[in-house]
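Colleague: I'd like to learn how to read the strands and loops in this one. Could you walk me through it, starting with a single pair of residues?

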Amino acid sequence: MTGDGSQVWGLSDSGLVHMPLGDLYNYPILAPETTEVFLAMDDCNHGVATGALNVDNLGKGKLTFSVATNTGSALVYKQSSGLGARTITFSMEPGRSGVVRQAGTNIWTAAGTSQGTPFNITLSSPEAINIPNMIRVYMNYRQSDQRA
């Protein structure tokens, strides 16, 4: 490592690795706004439950990304792009595609069945120098007689 910490070298089984830490922010860095999204459908949130997640580039340069998930028909997402922040909009499928939800839970049945665990969403980018944390999408369908 250099004295100012801007350059780092390391030896591995595959050879010598150089990391220009001083230039880190000159490369695209994929950064979702949060790692958790909560969608609720109840008396306070009528209609289709949706939530938006902003995705930024903390560095410089071109940044494209894709969403990798196996949400089946219970969770729908739409990805927008542009020069500024990009947005992923998640929507809880209200039942048009045969999704049947158990009230008060994240449990649903349809083409697949969920046991109440959140959906894990992974973002990937061919240009980014990082791999961001997994995004977890929680969904809850509540009826009017349920508290909390």
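Modeller: Sure. Start with L75, whose bridge partner in β8 is M92. Keep in mind that this is a predicted model.

Colleague: What does that bridge belong to, and how do β7 and β8 run?

Modeller: The general idea is that strands of a sheet pair through backbone hydrogen bonds, either parallel or antiparallel. Here β7 and strand β8 (residues 86–92) run antiparallel, and five bridges join them.

Colleague: Which strands make up the sheet around that pair, and in what order?

Modeller: Four strands form an open sheet, ordered β3-β5-β8-β7, and the pairing is antiparallel. At the edges you find β3 and β7 (75–79); each has a single partner strand, so one side of each has no neighbour in the sheet. From one strand to the next, the twist averages 25 degrees.

Colleague: How many bridges hold β5 to β8?

Modeller: Six bridges join β5 to β8, and the two run antiparallel. One place to look is N54, which has T87 as its bridge partner in β8. On to the other edge: β3 pairs with strand β5 (residues 50–57) over three bridges, again in the antiparallel sense. There, P32 has V55 as its bridge partner in β5.

Colleague: What about the other sheet: what is the order of the strands with mixed pairing?

Modeller: That one is also an open sheet of four strands, and the order is β4-β13-β12-β6. The edge strands are β4 (36–41) and β6 (66–68), each with a single partner strand, so each has one side left without a neighbour in the sheet. The twist averages 25 degrees from one strand to the next. Within this sheet, β12 and β13 run antiparallel, joined by three bridges. N120 is a handy marker, with R136 as its bridge partner in β13.

Colleague: How do I think about side chains along a strand like β12?

Modeller: In a regular strand the side chains alternate between the two faces of the sheet. For a case to inspect, take I121, which lies in strand β12 (residues 119–124).

Colleague: Is I121 buried or exposed?

Modeller: I121 counts as buried because its relative accessibility is 0%, and the cut-off for buried is under 20%. You can also check its spacing to N133: the two are 12 residues apart along the chain, and their C-alpha atoms are separated by 9.2 Å.

Colleague: And where does S125 sit?

Modeller: S125 is in the loop between β12 and β13 (135–141). With a relative accessibility of 17%, S125 counts as buried.

Colleague: Which backbone nitrogens does the S125 side chain reach?

Modeller: Two to look at here. A polar atom of the S125 side chain lies 3.2 Å from the backbone nitrogen of E127, and the S125 side chain also reaches the backbone nitrogen of A128 at 3.2 Å. Leaving out residues up to four places away in sequence, S125 touches L30, L63, T64 and F65.

Colleague: Can we try another loop residue? Where is Y27?

Modeller: Y27 is in the loop between β2 (15–19) and β3 (30–32). At 37% relative accessibility, Y27 counts as partly exposed. Again setting aside residues up to four places away in sequence, Y27 touches P20, G59, K60 and I129. Y27 and G61 are 34 residues apart in sequence, with 6.1 Å between their C-alpha atoms.

Colleague: Zooming out, how many helices and strands does the chain have?

Modeller: Zero helices and 13 strands. The chain has 148 residues, and 32% of them count as buried. Among contacts with a separation of 6 or more, 60% come from residues 24 or more positions apart. The chain exposes about 9,100 Å², with carbon and sulfur atoms supplying 52% of that.

Colleague: Last one: which strand has the lowest mean pLDDT, and which the highest?

Modeller: Where pLDDT is low, the predicted coordinates should not be read in detail. Among the elements of this chain, strand β11 (residues 113–115) has the lowest mean, 62, and β3 the highest, 92. The mean pLDDT of the chain is 80, and 72% of its residues reach 70 or more.

Definitions and conventions. Residues numbered from 1 in each chain as written. Heavy atoms only, no water. Buried < 20%, exposed > 50% of the residue type's maximum accessible area, 1.4 Å probe, protein only. Polar contact = N/O pair within 3.5 Å; in protein donor to acceptor, adjacent residues only side chain to side chain. Contact = heavy atoms within 4.5 Å. Pairing = 2+ DSSP bridges. Axes fitted to C-alpha atoms, helices over the stretch in contact; angles between N-to-C directions. Areas by Shrake-Rupley, 256 points an atom, 1.4 Å probe, with all protein chains shown as cover. pLDDT = per-residue confidence, 0-100.
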